[in-house]
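Here's a quick walk through some helix packing and one pocket. Have the structure open while you read.

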Amino acid sequence: ACQILAKLGLFKETTGHVSARSGAAMLIRGRGKEETGLLFTRPGDVVLADFDGRTLEKKSILKPPNESVIHGELYKARPAVRGIVHAHPASIVLTSMAGIELRPIFGGYDPRGMRIAIKGVPVYQSSLTLHDVEHVHAMMEVMGDHDICILRGHGVVVCGTSIEDATIKAIKLDHLANLNLQAAMLGNVASISQQDQQTFLTRKTTGMGGGGSETLWRFYCEWLKKN
């Protein structure tokens, strides 16, 4: 997940992190002087930590990131969440700073991105890094029951039923933001019709265009090998 998202440009250098629930703990991409950046993540760069961000691997050179509190508090509050991505896509930074709403401006082109747009994405207005529980709880209040929360001028937090699911959601969000950014530059690009939106939401196969998370995950794993 770290390598795929970094290769796609959703991570900048050594910033951002990915985690996966592991029982009453989490596996999270570590930080430290010895790291080389998320694009070059190796198995040894992933550390085991409790939900308060304390390392459970005393001999590990890398430590949980300061923002591991984001992951820990979400895992505590939402038992169904098993994977979390905190990324810094330029598309999200730009659209959030410019006040560009992520609208459903396309349909069958990308049904997963369309679903994100129709549901809407909450925006937490502070652009500061989230190092303490108080700030994370404020972000979670804005996030509500959504799987995604944009951090204005900062990045995004994405929850999933697995690390694969969270990764695919982050990729689709980036696609959505990039197209909305381009549409804003063109000017007067309308959203798809309310009728199309309603029909989409009532279809039994809604959101599965292009395959499920597992299929898309396999695609990106193969893509990574060739890039």
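## H3 against H6

Let's start with a helix pair. On the H3 side, Ser91, Ile92, Leu94 and Thr95 do the touching, and their partners in H6 are Leu173, Asp174, Ala177, Asn178 and Leu181. Sorted by class, the residues of this contact come out as 5 nonpolar, 3 polar and 1 charged. Keep in mind that this is a predicted model.

As for geometry, H3 covers residues 90-98 and H6 covers residues 163-186, and their axes come within 8 Å, crossing at roughly 50°. That angle makes H3 oblique to H6. The crossing of H3 past H6 is left-handed.

## H6 against H8

H6 also packs on H8, here at an angle of about 75° and with the axes 9 Å apart. Since angles of 65 to 115 degrees count as roughly perpendicular, H6 is roughly perpendicular to H8.

Who makes the contact? From H6 it's Glu164, Asp165, Thr167, Ile168, Ile171, Lys172 and His175, while H8 brings Ser213, Leu216, Trp217 and Tyr220. The class split for the contact of H6 with H8 is 5 nonpolar, 3 polar and 3 charged.

## H2 against H5

Now for another pair: H2 (residues 68-77) and H5 (residues 133-143) have axes that come within 10 Å and cross at roughly 55°. The two are therefore oblique to each other, and the crossing of H2 and H5 is right-handed.

In H2, the residues involved are Val69, Ile70, Glu73, Leu74 and Ala77, and they meet Val133, Val136, His137, Met139, Met140 and Met143 in H5. By class, that contact of H2 with H5 holds 9 nonpolar, 1 polar and 1 charged residues.

## The second largest pocket

Time to look at some empty space. The second largest pocket has a volume of about 260 Å³. Its lining is made of 15 residues, and the closest to the pocket centre are Ala1, Cys2, Val18, Val46 and Ile163.

Which helices and strands each supply at least two residues of that lining? They are helix H1 (2-7), strand S1 (17-22), strand S2 (25-29) and helix H8 (213-225). So what's the chemistry of the lining, going by residue class? The residues lining the second largest pocket divide into 11 nonpolar, 3 polar and 1 charged.

Definitions and conventions. Residues are numbered from 1 along each chain as its sequence is written. This is a predicted model: local features need pLDDT of at least 70, side-chain atom pairs count only at pLDDT 80 or more; totals for chains, interfaces and linings use all residues. Side-chain values use heavy atoms; hydrogens and water are left out. On a 1 Å grid over the protein atoms alone, a cavity is a set of points where a 1.4 Å probe fits but cannot get out, and a pocket is an open set with protein on both sides within 12 Å along at least five of seven lines; lining residues have an atom within 4 Å of a point. Grid points are joined across faces, edges and corners, and a volume is the space filled by probe spheres set on the points. Helices (H or I, at least four residues) and strands (E, at least two) are DSSP runs, numbered from the N terminus. Ala, Val, Leu, Ile, Met, Phe, Trp, Tyr, Cys and Pro count as nonpolar, Asp, Glu, Lys and Arg as charged, and the others, Gly among them, as polar. Axes are lines fitted to C-alpha atoms, for helices over the stretch in contact, and angles run from 0 to 180 degrees between N-to-C directions. Angles under 35 degrees count as roughly parallel, over 145 as roughly antiparallel, 65 to 115 as roughly perpendicular and the rest as oblique. A crossing is left-handed if the near helix is turned anticlockwise from the far one by less than a right angle, and right-handed if clockwise. Contact means heavy atoms within 4.5 Å.
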